[in-house]
Amino acid sequence: MVSYKTPAEIEKMRQSGLILYEAMKAVKAAIRPGVSTLELDRIAEKVIRSHGAVPSSKGFEGFPGSVCASPDDIVVHGIPSAQVILKEGQIISIDITAIKDGYQADMARTFPVGKISPEAEKLISVAKESFIKGLQVAKVGNRIGDISNAIQTCVEGYGYGVVRSLCGHGIGKEMHEDPEVPNFGKAGHGLRIREGLCIAVEPMITKGDWHVYVASDDWAFLTRDHSLSAHYENTLAINEDGQPEILTMPSGIDGEDL
Ligand code: MG
């Protein structure tokens, strides 16, 4: 069941979103060759808790981290570890969810570690570009399938793959609510977008084949062909004007970015 949020509820999610933005900025500043993904996890957790929020992923279905830290061919749900030391030339996706006053926000970015290849840079930039294409059609009167199709068309236009078995989602009191927001699909299909809809839109894209598998830790999703993957996510609210607001970017998509 889809729950539509009141402006007061959206305000609470906005607060959670701002905290996430601060946490992501702190993580970004700490990313360099030689840092462990556990150190990044600790940095994010400290920022989140210093604002009176709680990292939602910690303990969620047994997940041990405050962030998901997913290098290179890990698409999502990498477990932060002191043993995973980032190296020059890698890319690292960081996915953070936080809850404050009972309302969640969810956000992911993929960052370079030191100097990376032009191919990796391109993959990261297309993940963001595809999010923007989805954002542009996430408005009252359109349907979820319009978002899905806009993302897929963008990503595949560059010859990249779109992961099928993972998707964006509604968000609010729960980290994952209805509806699902796939990153592929048909325009004009799916739930009609209404005021108060809050969704996490999160393209997960691959340089090669889009098939994924689950690692032996039962958490990490990897690309089957071990090609690089990138992830870009923000939490959106559809406001009274019928337009989407990015709750996890205080200055909007054209403002300060991470
Ligand atoms: Mg999400």
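Which residues does Tyr160 touch, not counting residues up to four places away in sequence? Let's start there. One reminder first: this is a predicted model.

Tyr160 sits in the loop between helix H4, residues 144-157, and strand E6, residues 161-162. Its contacts are Glu119, Lys122, Leu123, Val126, Val155, Ile205, Thr206 and Lys207. Is Tyr160 buried or exposed? It counts as buried, because its relative accessibility is 12% and the cut-off for buried is under 20%. Now pick Gln90, 70 residues away along the chain. The C-alpha atoms of Tyr160 and Gln90 are 18 Å apart.

Next, the metal. Which residues coordinate the magnesium ion? There are Asp106, through OD, and His169, through NE2. Then come Glu202 and Glu233, each through OE. The distances run from 2.1 to 2.3 Å. Along the chain, the donors follow the spacing D-x62-H-x32-E-x30-E. Take Asp106 and Glu233: they are 127 residues apart, so to speak a link between distant parts of the chain. Asp106 belongs to strand E5, residues 103-112. Glu233 is in the loop between strand E13, 229-231, and strand E14, 234-238. Both Asp106 and Glu233 are buried.

On to the largest pocket. It holds about 440 Å³ of space. Its lining has 24 residues. Closest to the centre are His77, Cys167, His169, His176 and Glu202. You have met two of those names already: His169 and Glu202 also coordinate the magnesium ion. Which elements give two or more residues to the lining? They are strand E4 (91-100), strand E7 (168-170) and strand E8 (177-181). By class, the lining has ten nonpolar, seven polar and seven charged residues.

Stay with strand E8 for a moment. Pro179 is in that strand. The peptide bond from Asp178 to Pro179 is cis, with omega near -5°. Most peptide bonds are trans.

Now back to His77. This residue lies in the loop between strand E3, 74-76, and E4. Its phi is near 65°, a positive value in a residue other than glycine. His77 counts as partly exposed, because its relative accessibility is 24%. A second histidine goes on this list: His226, with phi near 60°, also positive. Look for His226 in the loop between E12 and E13. At 43% relative accessibility, His226 counts as partly exposed. For background, most residues other than glycine have a negative phi.

Last topic: aromatic rings. How many aromatic pairs does the structure hold? Three. I'll show two of them.

Phe63 and Trp219 form an edge-to-face pair. Their centres are 4.9 Å apart, with 80° between the planes. This pair links distant parts of the chain, 156 residues apart. Phe63 is in the loop between strand E1 (54-55) and strand E2 (67-71). Trp219 is in the loop between strand E11 (212-214) and strand E12 (221-223). Phe63 counts as buried, at 3% relative accessibility. Trp219 counts as buried too, at 18%.

Phe131 and Tyr232 form the other pair I picked, and this one is tilted. Here the figures are 5.2 Å centre to centre and 50° between the planes. Phe131 comes from helix H3, residues 118-136. Tyr232 is in the loop between E13 and E14, 101 residues from Phe131. Both Phe131 and Tyr232 are buried.

Technical notes. Residues are numbered from 1 along each chain as its sequence is written. This is a predicted model: local features need pLDDT of at least 70, side-chain atom pairs count only at pLDDT 80 or more; totals for chains, interfaces and linings use all residues. Side-chain values use heavy atoms; hydrogens and water are left out. On a 1 Å grid over the protein atoms alone, a cavity is a set of points where a 1.4 Å probe fits but cannot get out, and a pocket is an open set with protein on both sides within 12 Å along at least five of seven lines; lining residues have an atom within 4 Å of a point. Grid points are joined across faces, edges and corners, and a volume is the space filled by probe spheres set on the points. Helices (H or I, at least four residues) and strands (E, at least two) are DSSP runs, numbered from the N terminus. Ala, Val, Leu, Ile, Met, Phe, Trp, Tyr, Cys and Pro count as nonpolar, Asp, Glu, Lys and Arg as charged, and the others, Gly among them, as polar. Donors are N, O and S atoms within 2.8 Å of the metal (3.2 Å for Na, K and Ca); water is not among the atoms, so sites may look incomplete. Buried means under 20% relative accessible area, exposed over 50%, partly exposed in between (1.4 Å probe, protein chains only). Contact means heavy atoms within 4.5 Å. Rings of Phe, Tyr and Trp (its six-membered ring) pair if their centres lie within 6.5 Å; planes under 30 degrees apart count as stacked, over 60 as edge-to-face and the rest as tilted.
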